[in-house]
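Colleague: Please take a close look at one part of this model for me, the surroundings of the ligand. I would like one connected account, with the rest of the chain as background.

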Amino acid sequence: MTCAAAYVPDLVQGSKKVFSRAEVAKHAKEDDLWIIVDTAVYDLSDFIDMHPGGASILLDPKIAGKDATQVFFGLHRGEVASKYARMIIGTIENEKPQVILPTPGTISTVPHAEPMWLVKGMQSAYFNDSHRALQKAMRNFFDNEVREEATEHEISNERPTVELIKKMGANRINHMRMGPGKHLHGLTLPGGVKGEEFDYFHEMIITQEVARVVGRGYGDGLQGGCVIGLPPLNFGSKELQKRIVPAVLAGDKFIALAVSEPEAGSDVSGLRTTATKSEDGRFWIVSGQKKWITGGNFADYFTTAVRTGKNELSMLLIERDFGGVETKIIKTAYSSAAGTAYITFDNVKVPVENTLGKAGDGLKIVLSNFNHERWVMCCSAIRAARAVVDETFRWACLRQVFGKPLIGQPVIRAKFASMFSQIEAGQSWLENITFQMCKLNYFQQADLLAGQIALLKRYLTRIAAECADQCVQIAGGRGITKGGMLGSVEAYMRTYKFDAVLGGSEEILGDLGVRQAMRKMTPHSL
Ligand code: HEM
């Protein structure tokens, strides 16, 4: 059984030596230990006592001085080979490496690892050269500038560094993540893309390149708050926009959307945070609590839904500097890198100039970005599912059980059949909806796509549930172990539910999709 899972790098650099297998076999003792991994000869003499898998396993007569390629790739993450490349002293004469490790910035050749439009030889009705140029630039950026920090911070719970967010600002990535629009006009974007030609497929590319590389918690910390918190500023005054928007996009300031509360999640109408006018009419006095606010712990600004009357919701931009604002981290199933916060507003004095839209426009403003927000979540949910299935597939091709690779078992292949099919179907539906978004104006989208996007998000989070479940079954013990090889499977199993709960729960969205369909039914249609 072979898999086309081949990965790349030229680990053996410089003028390293060439050895025969017989020569390597002479070095099989604790203080003089060589092994072969994919034609590279590693001198493990100084490493043996530090080996996380123990020393004795390396001294096994089947390993010491021998070719350990198969067992190595069945037990370690691929990066281990490159991370420890400094121990390579040479290569085996007249042999070529067979295992190719992923090279940062490139397109994977593993089947189903990439959406179809990126697969060599495949065509697409939707993506053009401009999309491809942006994809290439984003793959480079996220592989080379973000991946390492994302992996570390997902575990350490630290927020993404301000330095990185500023770099994203300088590369206009923060700007692009707000979607197509005038804010991009006149700009030249990565890959030479002109701001005017930027469309929803470009935006999808960025969201999917992020989801491919980062864990769910860090990913939300990486400007997740901005993606949902900044759009309400469209309803703010010109002065407010001028002061806030450039600073947030540059990464100098941070913003969060503050809607949900301890007693109100998807049921926005149940919000209890109140804003009452001061006697002189110049301020709103805001009191209440907000819960599960992404990026809230490090935000400078909060676009906040408040109750300004019995049946009236309004939207205010609250600034941390106003005083009376307290935030603390809520520990959730994913990394605190997301900055998920519990917020208390205690008689905060908010100038009326910070009202977004008019008093009473709150629900309209909250709803105005729902479709876009849910579509963004669809883009990332399906790409994250693809990434975890890819990781698991590559491992199933390497892991030996009962004398053959795990993928040699029909029951395992059946699991991949189901996962591959659903991922490809989900991406195709997403691309079709994205095409409609490119062609329809805001009101047409609201009329025709609200139900479609709701049903798509529900469908993709159901796919996520199956992928999480099946990948853990395939990964076995590794699928329930934090970190190390297939640690991404454990992390996915722990965090895939976020997409099923945030931005409208599966149940609410399924119901919305059906109710939208019912609205269009007329006696005539029956
Ligand atoms: C180039 C040689 C090797 C290096 C640099 C190396 C390095 C490592 C590292 C860094 C880990 C931690 C796990 C991870 O980060 O994925 C590990 C774990 C381990 N290694 Fe190695 N290793 C080498 C060769 C081998 C070989 C030849 C074997 C087996 C014969 C082996 C067996 C193990 C085992 C059993 C674990 C624990 C895996 C687990 O936690 O499930 N290693 N090794």
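**Around the ligand**

Modeller: Three elements each supply at least two residues of the shell around the ligand: β3 (32-37), α2 (56-59) and α3 (69-75). This is a predicted model. Of those elements, α3 gives the most to the shell, with 3 residues. The shell around the ligand counts 20 residues, and Tyr42, Pro52, Gly53, Ala68 and Tyr84 come nearest. By class, 15 of the shell residues are nonpolar, 4 are polar and 1 is charged.

Now the annotation. An unreviewed UniProt entry carries the label "domain: Cytochrome b5 heme-binding" for residues 16-93. That label comes from the record and may be inferred rather than shown by experiment. In the model, the span is 28% helix and 26% strand. The C-alpha atoms at the two ends of residues 16-93 lie 11 Å apart.

Strand β5 covers residues 88-92 and includes Thr91. Is Thr91 buried or exposed? Thr91 is buried, because 20 other C-beta atoms lie within 10 Å, and 20 or more is the cut-off for that class. Take Gly357 as a distant reference. Thr91 and Gly357 are 266 residues apart in sequence. In space, their C-alpha atoms are 68 Å apart.

Next, the packing. The largest nonpolar core holds 119 residues. Leu316, Cys378, Ala385 and Cys471 have the most contacts inside this core. Helix α13 (residues 370-398) contributes the largest share of the core, 16 residues. Another core lies apart from it, with 13 residues. Val24, Ile36, Val37 and Tyr42 are among the members of that other core. Tyr42 is also one of the residues that come nearest to the ligand.

Back to Leu316 in the largest core. Leaving out residues up to four places away in sequence, Leu316 touches Ala275, Trp284, Val286, Thr304 and Val306. Under that same exclusion, Leu316 also touches Val350, Asn354, Thr355 and Leu356.

Last, confidence. The chain averages a pLDDT of 93, and 96% of the residues score at least 70. The model scores ipTM 0.95 and pTM 0.90. Where does pLDDT stay under 50? That stretch is residues 1-9. For residues 1-9 the model has 27 contacts beyond four places in sequence.

Methods. Residues numbered from 1 in each chain as written. Predicted model: local features only at pLDDT ≥ 70, side-chain atom pairs only at ≥ 80, totals over all residues. Helix = DSSP H or I, 4+ residues; strand = E, 2+ residues; numbered from the N terminus. Buried ≥ 20, exposed ≤ 12 C-beta atoms within 10 Å, placed from the backbone. Core = buried A, V, L, I, M, F, W, Y, C linked by C-beta atoms within 7 Å. Contact = placed C-beta atoms within 7 Å. pLDDT = per-residue confidence, 0-100. Near = placed C-beta within 6 Å. Nonpolar A, V, L, I, M, F, W, Y, C, P; charged D, E, K, R; others polar.
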